[in-house]
Amino acid sequence: MEGPFKLKPVKLYLETSVWNFYYADDAPEKRDITRQFFENYSRNQYELYISDEVLREIGQANPNTQLLLRELIQRYEPQIIDLSEEVEALAQAYLEAKILPPRCEVDCRHASVATVYELDALLSWNMKHLANYRRMQAINAINLLRGYGKHLELMVPMAVSEDES
């Protein structure tokens, strides 16, 4: 964006599906959008974040996929956020409020990391549980009730994948 003022970089949390879709040959449209996001990524516009949870999930993939994803993460150097008791407590609050079913505990952690560390948006290809307007409303309602005032955006990578220069 051009003008007399400079915008601060947007802080983006990339949950595991964003990294995975970089290599998703079985989903070429999402793969291409994901690659476009990374190709247009600018440290002046965005700060990238992941958590220990993303690394744990990647560690469950087959060895070849693990290697590819770890190399991709190394290339883009996101800041790695540790899971804390505060993150775990907020994730539990989402589960108790039935925002997501119990089997989606990992997704709750992703949202709670982005909230607790006051990131601007969580990017995900999981449109059922994360990149979903109703879920975003519910997550932000719990966040407000628990004293987190910053609104968290949950969106798909295409929302930020266009060349913005």
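Two strands count as paired if DSSP finds at least two bridges between them. In the predicted model described here, leucine 12 stands opposite leucine 48 in strand 2. Strand 1 and strand 2 run parallel and are joined by 4 bridges.

Strand 1 also has a partner in strand 4. Strand 1 covers residues 10-14 and strand 4 covers residues 121-123. The two pair in the parallel sense, over 3 bridges. Tyrosine 13 stands opposite leucine 122 of strand 4. Leucine 14 stands opposite leucine 123, again in strand 4. In a regular strand, side chains alternate between the two faces of the sheet.

These pairings belong to an open sheet of 5 strands. The strand order is 3-2-1-4-5, and the pairing is parallel. Strand 3 (79-81) and strand 5 (153-155) stand at the edges. Each has a single partner strand, so one side of each is left without a neighbour in the sheet. On average, neighbouring strands of this sheet are turned by 30° against each other, direction ignored.

Helix 2, residues 28-40, packs on the sheet. Helix 2 touches strand 1, strand 2 (46-51) and strand 4. The direction of helix 2 makes about 140° with that of strand 1.

Aromatic contacts were searched over the whole structure, giving 8 aromatic pairs. One of them joins tryptophan 19 and phenylalanine 38. The ring centres of this pair lie 5.0 Å apart, with 40° between the planes. The pair is tilted. Tryptophan 19 lies in helix 1 (residues 16-21), whereas phenylalanine 38 lies in helix 2. The pair therefore ties together parts that are 19 residues apart in sequence.

Helix packing was examined next. Two packed helices are described by the angle between their axes and the distance between the axes. Helix 5 spans residues 85-96 and helix 6 spans residues 105-116. Their axes come within 8 Å and cross at roughly 125°. That angle makes helix 5 oblique to helix 6. The crossing is right-handed. On the helix 5 side, the contact is made by Glu86, Val87, Glu88, Leu90, Ala91, Tyr94 and Leu95. Helix 6 contributes Glu105, Cys108, Arg109, Ala111, Ser112, Val113, Thr115 and Val116. By class, this contact of helix 5 with helix 6 has 9 nonpolar, 2 polar and 4 charged residues.

Helix 5 also meets helix 7, residues 133-145. The axes of helix 5 and helix 7 come within 10 Å and cross at roughly 125°. Helix 5 and helix 7 are therefore oblique to each other. Their crossing is right-handed. Helix 5 makes this contact through Leu90, Ala93 and Tyr94. The helix 7 side consists of Ile139, Ile142 and Asn143. The contact of helix 5 with helix 7 divides into 5 nonpolar residues, 1 polar residue and no charged residues. Leu90 and Tyr94 of helix 5 take part in the contact with helix 6, and Leu90 and Tyr94 also appear in the contact with helix 7.

Methods
Residues are numbered from 1 along each chain as its sequence is written. This is a predicted model: local features need pLDDT of at least 70, side-chain atom pairs count only at pLDDT 80 or more; totals for chains, interfaces and linings use all residues. Side-chain values use heavy atoms; hydrogens and water are left out. Axes are lines fitted to C-alpha atoms, for helices over the stretch in contact, and angles run from 0 to 180 degrees between N-to-C directions. Angles under 35 degrees count as roughly parallel, over 145 as roughly antiparallel, 65 to 115 as roughly perpendicular and the rest as oblique. A crossing is left-handed if the near helix is turned anticlockwise from the far one by less than a right angle, and right-handed if clockwise. Contact means heavy atoms within 4.5 Å. Ala, Val, Leu, Ile, Met, Phe, Trp, Tyr, Cys and Pro count as nonpolar, Asp, Glu, Lys and Arg as charged, and the others, Gly among them, as polar. Rings of Phe, Tyr and Trp (its six-membered ring) pair if their centres lie within 6.5 Å; planes under 30 degrees apart count as stacked, over 60 as edge-to-face and the rest as tilted.
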